[in-house]
Number of protein chains: 2
Amino acid sequence: MEKTLIFGHKNPDTDTITSAIVYADLKSQLGANVEPIRLGDLNGETDFVLKYFPVEIPRLVTNVSAEAKTVILVDHNEKQQSADDIDDVRVLEVIDHHRIANFETSDPLYYRAEPVGCTATILNKLYKEKGKNISKEMAGLMVSAIISDTLLLKSPTCTEEDVEAAKELAVIAGIELDKYGLEMLKAGADMSTKTVAELITLDAKEFTMGDSKVEVAQVNVVEENDVLGRQAELEEALSAIIEDKGLDLFVFVVTNILTNDSTAIVLGRKADSVEEAFNVRLDHNKALLKGVVSRKKQIVPVLTSALK
Amino acid sequence: MEKTLIFGHKNPDTDTITSAIVYADLKSQLGANVEPIRLGDLNGETDFVLKYFPVEIPRLVTNVSAEAKTVILVDHNEKQQSADDIDDVRVLEVIDHHRIANFETSDPLYYRAEPVGCTATILNKLYKEKGKNISKEMAGLMVSAIISDTLLLKSPTCTEEDVEAAKELAVIAGIELDKYGLEMLKAGADMSTKTVAELITLDAKEFTMGDSKVEVAQVNVVEENDVLGRQAELEEALSAIIEDKGLDLFVFVVTNILTNDSTAIVLGRKADSVEEAFNVRLDHNKALLKGVVSRKKQIVPVLTSALK
């Protein structure tokens, strides 16, 4: 039986890495020949998780078609977020919780998407549907993914199903949800050792809004000053990217995972659209966005309508 | 609670019509406000089924956005096979067993596709997952859909899961699978009374393959000559459609449900792609496709790769 690779998106986060590992576990229990891999480096948070619930770190594979003819995608479907050579392999399955776009197959496939906060919440359900056992390690990885994607169940993307799954999995994993969750989020939120270049690329996504090219990058912190204390340097780097990519707007969002507020550094000729979108005043290119934590649900939609 | 419409593809067949009815039954049991509708006229086979297991015929609705803001798609996803105004409504769910193409959403959704022979096989599973009751009528509709889509379990699209589901549902429906199945297929296979216009639109689907616009229509027959005896007339009508829609290729497939072979009539400037795809020679625009019964599994994939 030929091997099938399982992987999540580029710039991997905790949900993407753990979902590959966890779904590989379930598929193996069902008799499939699969290997979880990753398309990029682990971040600090994911590193913490894979040490806490010790599992092997998936191999880094950049050219997936050199290793397999068939793949399974988790936590993404859009082509530009996937392996560069995704068109050279056959996608057998997708397990995801995002919108569907820029995705096409020539054959029928297994596609399971649900509008929940985290891929792990769907995987937890699949174990039950298949009547398979969830080990302590796999439960630990899944609950970590839910904590990560929902900022400890506080993000507006979090659904009732995510909360139920997290509680259930925390018991199997033998952790206290709040205590472990905060520890895990903090492990990913130490920005003091990151370079400015790392900060602005760690989790950056580009969007087209109306006629404007917009990039929104986000970092989670406990100590805001680790990032905001370097504003002059950051602005220099952001200006270079704006120039280089021809952007109309760059919004760099620093999210405090303890207060659940964000501070945005805003540059570009459409900077005033942020003032309009959030009803704030930029002071030295900076504004506090009270209660804003989700790029997907609280930033992209309002910015999109301000720019239309 | 606002109403959500549930519907299958244009040129409805038995799986598309019954899946809308059956999924509406399940969603209603789960407390949703839904109505199954249809985008076109019933064919003879479906008419037989809805009389045998008496249920109300879904309303014909051509302008779905005039009636609802949200919809659920069954048995299809490609935009050109759906309601003309599909872009004006929000797709909440898709239950399907086809490839994914020309489908895009701006929000996360519930998407359940499995590579099985029939949507009904997935629906049967959903009843179990949700712990809901399957009535005799709903079982009858589902087993009829499986018989229709798999040509009485003989098509290469038929999987172990379809066979299991058909056997299980036949018991609840109180029918003998082979006896009822052949009677049902024959009810849909009498083409002697159809006009040429009816023959080529009865079960026609449009596809984008590479840069080509392709339409593939299929009819099931017991008496091939009822159709092939009218080739001249058929070609005239097909040419008019090619002209009208700007198609690059029209493949009209006549499938004999007793021998499980098909004859294709092929027109359009990309006609040679059929010769390449099936390794056959067109003789008077016609070729025998030995053992080919499935558009989805035996026609669309090979044509797609020939046209890329």
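The exercises below deal with a predicted model of chains A and B.

In this predicted model, local features need pLDDT of at least 70 and side-chain atom pairs count only at pLDDT 80 or more, while totals for chains, interfaces and linings use all residues. Residues are numbered from 1 along each chain as its sequence is written, chains are lettered from A and ligands numbered from 1 in the order in which they are written, and side-chain values use heavy atoms, with hydrogens and water left out.

**Exercise 1. The fold of chain A**

Task: State how many helices and strands chain A has, and explain why it counts as compact as a globular protein of that length.

Solution.
- Step 1. Helices (H or I, at least four residues) and strands (E, at least two) are DSSP runs, numbered from the N terminus. Chain A has 11 of each kind, that is, 11 helices and 11 strands.
- Step 2. The radius of gyration, taken over C-alpha atoms, is set against the globule rule, 2.2 Å times the number of residues to the power 0.38. For chain A the radius is 20 Å, close to the 19 Å that the rule gives for 308 residues, so the chain is as compact as a globular protein of that length.
- Step 3. The C-alpha trace of chain A spans about 60 × 45 × 35 Å along its principal axes.

**Exercise 2. Inside and surface of chain A**

Task: Find what share of the residues in chain A is buried, and describe the contacts and the surface of the chain.

Solution.
- Step 1. Buried means under 20% relative accessible area, exposed over 50%, and partly exposed in between (1.4 Å probe, protein chains only). Of the 308 residues in chain A, 56% are buried.
- Step 2. A contact means heavy atoms within 4.5 Å. Among contacts in chain A with a separation of 6 or more, 65% come from residues 24 or more positions apart.
- Step 3. Accessible areas come from the Shrake-Rupley method with a 1.4 Å probe; for residues, only the protein chains shown count as cover. The accessible surface of chain A is about 13100 Å², and 47% of that surface belongs to carbon and sulfur atoms.

**Exercise 3. Where chains A and B meet**

Task: Give the number of residues from each chain in the contact, and the area that the two chains bury.

Solution.
- Step 1. Chain A supplies 20 residues to the contact and chain B supplies 23 residues.
- Step 2. Buried area is the accessible area (1.4 Å probe) that two parts lose on being put together, summed over both. Chains A and B bury about 1900 Å² between them, with 58% of it on carbon and sulfur atoms.
- Step 3. On the chain A side, A:R99, A:I100 and A:P108 lose the most area to chain B, together 29% of what that side buries.

**Exercise 4. Two residues with positive phi**

Task: Locate A:L151 and B:D75, and state whether each is buried or exposed.

Solution.
- Step 1. Most residues other than glycine have a negative phi.
- Step 2. A:L151 is not a glycine, yet its phi is positive, near 45°. A:L151 sits in the loop between α4 (136-150) and α5 (160-173) of chain A, and is buried at 8% relative accessible area.
- Step 3. B:D75, also not a glycine, has a positive phi of about 60°. B:D75 belongs to the loop between β4 (70-74) and β5 (90-96) of chain B, and its relative accessibility of 1% makes it buried.

**Exercise 5. Far in sequence**

Task: For B:P156 and B:V221, give the place, the exposure and the contacts beyond four places in sequence.

Solution.
- Step 1. B:P156 lies in the loop between α4 (136-150) and α5 (160-173) of chain B. B:P156 is partly exposed, at 39% relative accessible area.
- Step 2. B:P156 and B:S294 are 138 residues apart in sequence, but their C-alpha atoms are 7.0 Å apart in space. Beyond four places in sequence, B:P156 touches B:V293, B:S294, B:K297 and B:Q298.
- Step 3. B:V221 is in strand β8 (residues 212-221) of chain B and is buried, with a relative accessible area of 1%.
- Step 4. Outside its neighbours within four places, B:V221 contacts B:A189, B:M191, B:V227, B:V254, B:T255, B:N256 and B:I257.
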